[in-house]
Amino acid sequence: MPTAGKLVAAVLFAALAWYVSQLVIGFMEVGTAPPRYALVNAGIGAAMGWIVAGSRARGPWMGAVSYGLTATLAMIFWWLFLHSFYNMIIKAMRGLYGSDATLAVVDVFGLMLEHAMLMNHSVVITTFVAGAVICGLITEWFARRFN
């Protein structure tokens, strides 16, 4: 059921994902960012905000920090997985795995590690953590005020 907490969480985590995507694109080589990178990540952020953070709103205030961080970690996991899966499909269509599907599945995890290394900058990590806490607290405030 839609609530104010879920709506606010979806908007806030989408904005956080979009902003961090812009930071990560700055660390990529020119022209190597996947198509619609920031928009896809914003969609993932909105989904994790709605599902993870919004559904847990109206608890204790420290819970807001907890579900903000949980939603951000879930967002990072799906972000890494979906972009790595997309890259694996592109590589498979080019015939880089031959007829061995196991290599393609294993490569998804290698690609996830490569994508994670792009996020291994202090400004990205700090933005994720601070954004998670702020988004969680604002979601909790809206859920208490308007639900």
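Modeller: Contact here means heavy atoms within 4.5 Å. Keep in mind that this is a predicted model.

Colleague: Okay, so which residues is Thr139 in contact with, leaving aside its neighbours within four places in sequence?

Modeller: Gly5, Val8, Ala9, Leu12, Ala53, Ala57 and Tyr67. Thr139 itself sits in helix H5, residues 122-146.

Colleague: Why is Thr139 called buried?

Modeller: Buried means under 20% relative accessible area. Thr139 has 0%, so it counts as buried.

Colleague: And what makes H3 oblique to H5?

Modeller: Look at the angle: H3 (residues 61-93) and H5 pack at about 125 degrees, and their axes are 7 Å apart. Roughly perpendicular stops at 115 degrees and roughly antiparallel starts over 145, with the rest counting as oblique. An angle of about 125 degrees therefore makes the pair oblique.

Colleague: Which residues make that contact?

Modeller: On the H3 side they include Trp61, Tyr67, Leu69 and Trp79, and on the H5 side Phe128, Val133, Thr139 and Arg144 are among them. The residues of this contact divide into 14 nonpolar, four polar and two charged. As for handedness, H3 passes H5 in a right-handed crossing.

Colleague: How do you know that Leu111 is buried?

Modeller: Leu111 has 5% relative accessibility, and the cut-off is under 20%, so Leu111 is buried. You'll find Leu111 in helix H4, residues 101-118.

Colleague: What is Leu111 in contact with, leaving aside its neighbours within four places in sequence?

Modeller: Ser84, Asn87, Met88 and Lys91.

Colleague: How far apart are Leu111 and Ala4?

Modeller: They're 107 residues apart in sequence and 37 Å apart in space, going C-alpha to C-alpha.

Terms used: Residues numbered from 1 in each chain as written. Predicted model: local features only at pLDDT ≥ 70, side-chain atom pairs only at ≥ 80, totals over all residues. Heavy atoms only, no water. Helix = DSSP H or I, 4+ residues; strand = E, 2+ residues; numbered from the N terminus. Buried < 20%, exposed > 50% of the residue type's maximum accessible area, 1.4 Å probe, protein only. Axes fitted to C-alpha atoms, helices over the stretch in contact; angles between N-to-C directions. Left-handed = near helix turned anticlockwise from the far one by under 90°. Nonpolar A, V, L, I, M, F, W, Y, C, P; charged D, E, K, R; others polar.
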